[in-house]
Amino acid sequence: MKKYLAMLLCLVFICGVFAGCGGEKKMAYTPGETDGDVFTSEWMGIKFTKNDDYIYATDDELLEMLDASADAYYEDKETGKQLVDYAKANSVIEMMASSLNGDNILLMTEKLPLSNMTMDQYIESFSKQMDGQGMNFDGRSTKSFAGKEFTLMKYSLDIGITLYQDYYLYKQDNRMVAVIVTYFDSETRDMLLGSFEEIKTK
């Protein structure tokens, strides 16, 4: 039960922080897609393959977490269904996979308020917002995986057992990409990060 509550608590932290925050390739931004066990983002040039212990959030569940203004929605002329222009969305949770133990991994992108915003400026804003979340800051470093170098911001929370949450951040075009890992032991973290690999885009 503690682990289940921890997962929900950390999702609240994530959504609160990134909703408040304001690369070389020039491919137009489009969210990645999940097919079976594999999530693929052509825009980022990465894929993630979950193991059998993890469950992906559905498209409808991810859509409920979308942070988009009214002008990001439009009506399909043939079906009348409301669709999303993801390029106009403020933040998009593209993939979330969770285990029954409460460990989870989430990949999201956030549209920057100014495309010239530097990583250091973003981190300063990010850190200020995390200060109000009640989590302990455990340091900043860099980490490379899937062919990219990320800025790593480490946090933890004591809920009777220690819950860790790592934010891996990098900037591509006018968006910040965040891979967020919530875990209870380093073996789980390493397994999740090892499930990413680089792909070559056309």
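Begin by selecting strands E1, E2, E3 and E13, which form an open sheet of 4 strands in the order E1-E2-E3-E13 with antiparallel pairing. At its edges are E1 and strand E13 (196-198), each of which pairs on one side only. From one strand to the next the twist averages 20°, where axes are lines fitted to C-alpha atoms, for helices over the stretch in contact, and angles run from 0 to 180 degrees between N-to-C directions.

Before proceeding, note that this is a predicted model, in which local features need pLDDT of at least 70 and side-chain atom pairs count only at pLDDT 80 or more, while totals for chains, interfaces and linings use all residues. Residues are numbered from 1 along each chain as its sequence is written, and side-chain values use heavy atoms, with hydrogens and water left out.

**The whole chain**

Display the complete protein, which has 4 helices and 13 strands. Helices (H or I, at least four residues) and strands (E, at least two) are DSSP runs, numbered from the N terminus; two strands pair if DSSP finds at least two bridges between them. Of the 202 residues, 46% are buried, a label that means under 20% relative accessible area, with exposed over 50% and partly exposed in between (1.4 Å probe, protein chains only). The protein exposes about 10,500 Å², 49% of it supplied by carbon and sulfur atoms; these areas come from the Shrake-Rupley method with a 1.4 Å probe, and for residues only the protein chains shown count as cover.

**Across the open sheet**

Select E1 (residues 33-35) together with E2: 3 bridges join these antiparallel strands. Asp35 has Val38 in E2 as its bridge partner. The hairpin leaves 2 residues between the strands, and Gly36 there takes a positive phi near 65°.

Next, show the side chains of E2 (residues 38-41). In a regular strand the side chains alternate between the two faces of the sheet. Here Phe39 and Ser41 point to one face and are buried, whereas Val38 and Thr40 point to the other and are not.

Add E3 (residues 46-49), which pairs with E2 in the antiparallel sense over 4 bridges. Phe39 stands opposite Phe48 in E3. This second hairpin has 4 residues between its strands, and Gly45 in the turn has a positive phi of about 70°. Moving on to E13, one finds 3 bridges joining it to E3 in an antiparallel arrangement, with Ile46 opposite Glu198.

**Strand E8 and its partners**

Select E8 (residues 104-111), a mostly covered strand in which 7 of the 8 residues are buried. Its antiparallel partner E7 (residues 91-99) is joined to it by 7 bridges, and Val92 stands opposite Thr109 in E8. E7 and E8 form a hairpin with 4 residues between them, where Gly102 in the turn has a positive phi of about 105°. E8 also pairs with E12 (residues 175-183), again in the antiparallel sense, over 8 bridges; Leu107 stands opposite Val179 in E12.

**The nonpolar cores**

Now show Phe48, Met95, Ile105, Val179 and Phe196, the residues that touch the most other members of the largest nonpolar core, which has 26 residues. Such a core is a set of buried Ala, Val, Leu, Ile, Met, Phe, Trp, Tyr and Cys residues joined through side-chain atoms within 4.5 Å. E12 provides the largest share of this core, 4 residues. Apart from it lies another core, of 24 residues, among them Met96, Met117, Met130 and Leu163.

Centre the view on Ile105. Leaving aside neighbours within four places in sequence, Ile105 is in contact (heavy atoms within 4.5 Å) with residues including Phe48, Met95, Val179, Leu192 and Phe196.

**Two final stops**

Select Met191 in helix H4. Met191 is partly exposed, with a relative accessible area of 28%. Beyond its neighbours within four places in sequence, Met191 is in contact with Asn51 and Tyr54. The C-alpha atoms of Met191 and Lys50 are separated by 9.7 Å, although these residues lie 141 residues apart along the chain.

Finish at Thr151 in strand E10. Thr151 counts as buried because its relative accessibility is 10%. Residues up to four places away in sequence not counted, Thr151 touches Met119, Ile123, Arg140, Ser141, Tyr167, Tyr168 and Leu169.
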